[in-house]
Amino acid sequence: MSRTATITRTTRETDITVELELDGAGAATADTGIPFFDHMLQQLGKHAGFDVSVTCKGDLEVDGHHTVEDCGIALGDALKQALGDKAGVRRFASIVVPLDEAAVEVSLDLAGRTFVVYEVPIPYETINGFETGLLEDFVRAFAQSAELTIHAHLRYGRSPHHICEATFKALAKALGDACARTGRGGVPSTKGTLSR
């Protein structure tokens, strides 16, 4: 059974299309008008092992917030749809990912309950169109739409670029592990469901 989703989300602020295949090869493309954010979304697909395409036309003349947050919402919707009833998935995952002096830990649960603990203090900087303060907005929007519990913690770090990239890579690796099929049938929950 194919675990895929295509999401189109249009508002007065953004027009987004996301195509997602969970059992892919890590082929990832992004075109949001924010070059550094595109690079981070490509990291997300590559290191999760998902095939993903994200295109967004946003009101960047206002700022990047709508684009980044709405892409998080659309990606979360796609993940939720592609996972279906979550039968046979690993469900939990945790990893620490280093990038030079930075190291970020992400733990997550596909439980169907949205909760975010975000402790990634990051110096403010604009990196090729991406304001570093938008990283938290992306994580929260993504978790809310996908109905995930995510804990993200900065262990070490100085460079805003490295902290951002380590966060996206840690999120990616944890997602790939949690969404992986274990070969065991059924939903990994004593409740018999991983939805609200």
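The following paragraphs describe helix packing, the nonpolar core and several individual residues in a predicted model.

Helix 1, which spans residues 35-48, is a convenient starting point, and its partner here is helix 4, residues 160-179. The axes of these two helices come within 7 Å and cross at roughly 30°. Since angles under 35 degrees count as roughly parallel, helix 1 and helix 4 are therefore classed as roughly parallel to each other. The crossing of helix 1 with helix 4 is right-handed. On the side of helix 1, the contact is made by F36, F37, H39, M40, L41, Q43, L44, H47 and A48. Helix 4 contributes H161, C164, E165, F168, K169, L171, A172, K173, L175 and G176. Sorted by class, the residues of this contact comprise 11 nonpolar, five polar and three charged.

One of the residues of helix 1 in that contact, Q43, merits separate attention. Q43 has a relative accessible area of 11% and is buried. Setting aside neighbours within four places in sequence, Q43 is in contact with E165, K169 and A172. These three residues are also among those that helix 4 supplies to its contact with helix 1.

Helix 1 also packs against helix 2, which covers residues 65-83. Here the axes come within 12 Å and cross at roughly 20°. This angle, too, is under 35 degrees, so helix 1 and helix 2 are roughly parallel to each other. Helix 1 passes helix 2 in a right-handed crossing. F37, L41 and L44 of helix 1 make the contact with T67, V68, C71 and L75 of helix 2. In terms of class, six residues of this contact are nonpolar and one is polar, while none is charged. F37, L41 and L44 also appear among the residues that helix 1 brings to its contact with helix 4.

A further helix pair is formed by helix 3, residues 134-146, and helix 4. Their axes lie 11 Å apart, and the packing angle is about 15°. Helix 3 and helix 4 are therefore roughly parallel to each other, and their crossing is right-handed. In this contact L135, F138 and F142 of helix 3 meet C164, T167, F168, L171 and L175 of helix 4. The contact of helix 3 with helix 4 divides into seven nonpolar residues and one polar residue, with no charged residues. C164, F168, L171 and L175 are also listed in the contact of helix 4 with helix 1.

Attention now turns to the nonpolar core. The largest such core has 64 residues, and L79 and F138 are those with the most contacts inside it. Helix 4 gives the most to this core, with 11 residues. Leaving aside neighbours within four places in sequence, L79 is in contact with L20, L22, F50, F142, A146, L148, L175 and C179. F138, for its part, is one of the residues through which helix 3 meets helix 4.

Two residues are notable for their backbone conformation. Most residues other than glycine have a negative phi. R91, which is not a glycine, nevertheless has a positive phi near 85°. R91 lies in the loop between helix 2 and strand 5, the latter being residues 92-99. With a relative accessible area of 11%, R91 is buried. E147 likewise is not a glycine and has a positive phi, of about 60°. The position of E147 is in the loop between helix 3 and strand 10, residues 149-156. E147 counts as buried, at 7% relative accessibility.

The last two residues are partly exposed. H153 is placed in strand 10 and has a relative accessibility of 21%. Because buried means under 20% relative accessible area, H153 counts as partly exposed. Not counting residues up to four places away in sequence, H153 touches A103, V104, E105, V117, E119 and V120. H153 and A143 are 10 residues apart in sequence, with a C-alpha to C-alpha separation of 15 Å.

E125 lies in the loop between strand 7 (115-119) and strand 8 (126-127). At 35% relative accessibility, E125 counts as partly exposed. Apart from neighbours within four places in sequence, E125 is in contact with F130, E131, T132 and P160. From C-alpha to C-alpha, E125 and L83 are 35 Å apart in space, and they are 42 residues apart in sequence.

Definitions and conventions:
Residues numbered from 1 in each chain as written. Predicted model: local features only at pLDDT ≥ 70, side-chain atom pairs only at ≥ 80, totals over all residues. Heavy atoms only, no water. Axes fitted to C-alpha atoms, helices over the stretch in contact; angles between N-to-C directions. Helix = DSSP H or I, 4+ residues; strand = E, 2+ residues; numbered from the N terminus. Parallel < 35°, antiparallel > 145°, perpendicular 65-115°, else oblique. Left-handed = near helix turned anticlockwise from the far one by under 90°. Contact = heavy atoms within 4.5 Å. Nonpolar A, V, L, I, M, F, W, Y, C, P; charged D, E, K, R; others polar. Core = buried A, V, L, I, M, F, W, Y, C linked by side-chain atoms within 4.5 Å. Buried < 20%, exposed > 50% of the residue type's maximum accessible area, 1.4 Å probe, protein only.
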